[in-house]
Amino acid sequence: TNISGESFLHKLSFQSITSLESLDLDNCSNMTDLGITTMLSKVGKKLRVLGVRNSKITGKSFVDLAVNSVPVLAELDLSDCSKISDARLKLILEKCGSRLKVLKLSNTNISGVNFQNISVELP
């Protein structure tokens with residue numbers, strides 16, 4: 001889809017979707033870091049499943065802001081997100097890895113280099 005999440009979200013009233021537990025943004029190829037951060041700050045408090053497969057997110061603002069907006073996130077699909085780096089993934093895992101039960105990373109550029117020193121206990 002053409003949804004970036006940036007201006008689209010400013011037009012919606014989020015009062016009606018505060019109980020959202022699953023958000024599938026797969027194939028929203030224009031989804032940006034700013035868009036996902038904005039969206040999660042509005043609807044992320046009860047979100048358990050997030051799919052952003054095949055988006056343009058790099059993980060920068062996701063790490064900085066969005067992870068704190070999804071305190072019960074248990075499943076994260078970053079498959080086909082070619083701009084996610086090892087360093088960003090490591091930060092994501094350090095911030096919310098202890099509560100993730102499912103992490104999908106197929107078709108990414110993640111190599112796993114430097115993950116031996118990660119200080120997160122995964123469930």
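Mentor: Helices here are DSSP runs of H or I with at least four residues, strands are runs of E with at least two, and both are numbered from the N terminus. Keep in mind that this is a predicted model.

Trainee: Okay, let's try one. Where is Leu 47 found?

Mentor: Look between helix 2 and strand 2 (49-51): Leu 47 is in that loop.

Trainee: It's in a loop, then. Is Leu 47 buried or exposed?

Mentor: Go by the relative accessible area, where under 20% means buried. Leu 47 comes out at 0%, so it counts as buried.

Trainee: And which residues is Leu 47 in contact with, leaving aside its neighbours within four places in sequence?

Mentor: Before strand 2, pick out Leu 20, Glu 21, Ser 22, Leu 23 and Leu 40; then add Val 70, Val 72 and Leu 73. Also check Pro 71: it is 24 residues from Leu 47 in sequence, while their C-alpha atoms are 7.9 Å apart.

Trainee: Next, helix 4. Which of its residues are buried?

Mentor: Asp 86, Leu 89, Ile 92, Leu 93 and Cys 96. Looking down the axis of helix 4, you'll find these buried residues within an arc of 120°, so they line one face of the helix.

Trainee: What about the loop leading into that helix?

Mentor: Try Ser 79, which lies in the loop between strand 3 (75-77) and helix 4 (86-96). Its relative accessible area is 1%, so Ser 79 is buried. Its side chain makes a polar contact of 2.7 Å with the side chain of Asp 77. Beyond its neighbours within four places in sequence, Ser 79 touches Arg 53 and Asn 54, plus Lys 104, Leu 105, Ser 106 and Thr 108.

Trainee: Now backbone angles. What sign of phi do most residues other than glycine have?

Mentor: Negative, for most of them. Two asparagines here go the other way. Asn 27 has a positive phi of about 65° though it isn't a glycine, and Asn 107, also not a glycine, has a positive phi of about 60°.

Trainee: Where is Asn 27 found?

Mentor: In the loop between strand 1 (22-24) and helix 2 (33-43). With a relative accessibility of 44%, Asn 27 counts as partly exposed.

Trainee: And Asn 107: buried or exposed?

Mentor: Exposed needs over 50%. Asn 107 has a relative accessible area of 57%, so it is exposed. You'll find Asn 107 in the segment after strand 4 (102-104).

Terms used:
Residues numbered from 1 in each chain as written. Predicted model: local features only at pLDDT ≥ 70, side-chain atom pairs only at ≥ 80, totals over all residues. Heavy atoms only, no water. Buried < 20%, exposed > 50% of the residue type's maximum accessible area, 1.4 Å probe, protein only. Polar contact = N/O pair within 3.5 Å; in protein donor to acceptor, adjacent residues only side chain to side chain. Contact = heavy atoms within 4.5 Å. Arc of directions from axis to C-beta.
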